[in-house]
Amino acid sequence: DAFDWVLAYREILPEWAQTIAVSKTVQTVLKTQGLSRAAPAQARAELAALEPLAAPVADFSTRLLEQVEQEAAKLPAGATWLASSDIIESVFGHYKTFTARGPLKEVGRLVLLIPAFLSDLSAATIHDAMTSVRGIDVEQWVENNIGLSMLARRRRAFRPDTKTA
């Protein structure tokens with residue numbers, strides 16, 4: 001009895017299900033392959049598995065693919081851009097998990113770890129990095145781009161004044 005109201009939508013439910021399937025298919029292509037000039041063809045190929053589509057759904061699919069084509073046409077040839085924030089959210093989630101051990105929750109010098117999360121680092125790559133980049137250069141980059149940590153600012157603010165003692 002509680003779901004009797006759904007019966008009124010019995011005829012349209014298959015179209016809604018197809019519309020959701022079309023949306024999810026295009027979304028999956030864009031999330032996994034990114035937005036590129038090849039994306040519309042990739043999405044079209046994936047959508048072929050859903051055919052035949054009801055007329056309104058086919059119209060929706062066409063309009064959706066046209067939008068993807070318009071956006072893809074704006075990209076330089078050979079470029080693939082992120083079409084979802086999932087990846088960047090994952091990277092920052094990983095960063096937050098890693099830095100959760102620390103007492104201060106701020107973006108500090110550990111932000112330099114982010115490229116390590118995104119790469120497969122071999123021992124040779126790590127060795128090359130450690131021998132070609134001086135520690136003082138990293139410290140200078142941190143000073144110029146990040147500045148003092150919250151802890152360093154607190155220490156400076158609350159340090160006893162040694163001149164008056």
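Is Arg63 buried, exposed or partly exposed, and at what relative accessibility? I looked this up before anything else. Arg63 counts as partly exposed, at 48% relative accessibility. I note here that the model is a predicted one.

**Entry: the partner of Arg63**

I followed the Arg63 side chain to Asp59, which it meets in a salt bridge with N to O at 3.3 Å. I then checked Asp59 for exposure and found it partly exposed, with 43% relative accessibility. Both residues sit in helix 3, 4 residues apart, which puts about one helical turn between Asp59 and Arg63. For the geometry I wrote down the general rule: an α-helix has 3.6 residues a turn, so residues three or four places apart point the same way.

**Entry: other salt bridges**

I counted 5 salt bridges. I looked at two further pairs.

- Lys74 pairs with Glu71, and their closest N and O atoms are 3.1 Å apart. I have Lys74 as exposed at 60% relative accessibility and Glu71 as partly exposed at 31%.
- Asp137 and Arg134 meet through their side chains at 2.8 Å, N to O. I have Asp137 as partly exposed at 32% relative accessibility and Arg134 as exposed at 53%.

**Entry: helix 2**

Which residues of helix 2 are buried? Within residues 39-47, I found Ala39, Pro40, Ala43 and Leu47 buried. I looked down the helix axis: the buried residues fall within an arc of 95°, so they line one face of helix 2. I then asked what covers these residues. The cover includes helix 1 (residues 13-33), strand 1 (35-36) and helix 3 (55-73).

I took Ala43 as a single case. Setting aside residues up to four places away in sequence, Ala43 touches Val26, Val29 and Leu65.

**Entry: the largest nonpolar core**

I listed the largest nonpolar core, which has 13 residues. The members that touch the most other members are Val26, Leu30, Leu35, Ala39, Ala43, Leu47 and Val68. Helix 1, helix 2 and helix 3 are the elements that give two or more residues to this core. Ala39, Ala43 and Leu47 in that list are also among the buried residues of helix 2.

**Entry: Ser36**

Where does Ser36 lie? I placed Ser36 in strand 1. Ser36 counts as buried, with 8% relative accessibility; the cut-off for buried is under 20%. I listed its contacts without the neighbours within four places in sequence, and Ser36 is in contact with Ala72, Leu75, Ala79 and Thr80.

**Entry: the bond before Pro52**

I checked the peptide bond from Glu51 to Pro52 and found it cis, with omega near 5°. Pro52 lies in the loop between helix 2 and helix 3.

**Entry: a nonpolar surface patch**

Which residues form the nonpolar patch on the surface? I noted Phe3, Trp5, Tyr9, Leu13 and Trp16, with about 600 Å² of accessible area together. From this patch I picked Tyr9, which is found in the segment before helix 1. Tyr9 is partly exposed, and its relative accessible area is 37%. A patch residue needs over 30% relative accessible area, and I checked Tyr9 against that cut-off with its value of 37%.

Methods:
Residues are numbered from 1 along each chain as its sequence is written. This is a predicted model: local features need pLDDT of at least 70, side-chain atom pairs count only at pLDDT 80 or more; totals for chains, interfaces and linings use all residues. Side-chain values use heavy atoms; hydrogens and water are left out. Buried means under 20% relative accessible area, exposed over 50%, partly exposed in between (1.4 Å probe, protein chains only). The arc is that of the directions from the helix axis to the C-beta atoms. Contact means heavy atoms within 4.5 Å. Patches are made of residues with over 30% relative accessible area and no salt bridge: like charges are joined within 9 Å, nonpolar side chains (Val, Leu, Ile, Met, Phe, Trp, Tyr) within 5 Å. Accessible areas come from the Shrake-Rupley method with a 1.4 Å probe; for residues, only the protein chains shown count as cover. A salt bridge is a side-chain nitrogen of Lys or Arg within 4 Å of a carboxyl oxygen of Asp or Glu. A nonpolar core is a set of buried Ala, Val, Leu, Ile, Met, Phe, Trp, Tyr and Cys residues joined through side-chain atoms within 4.5 Å.
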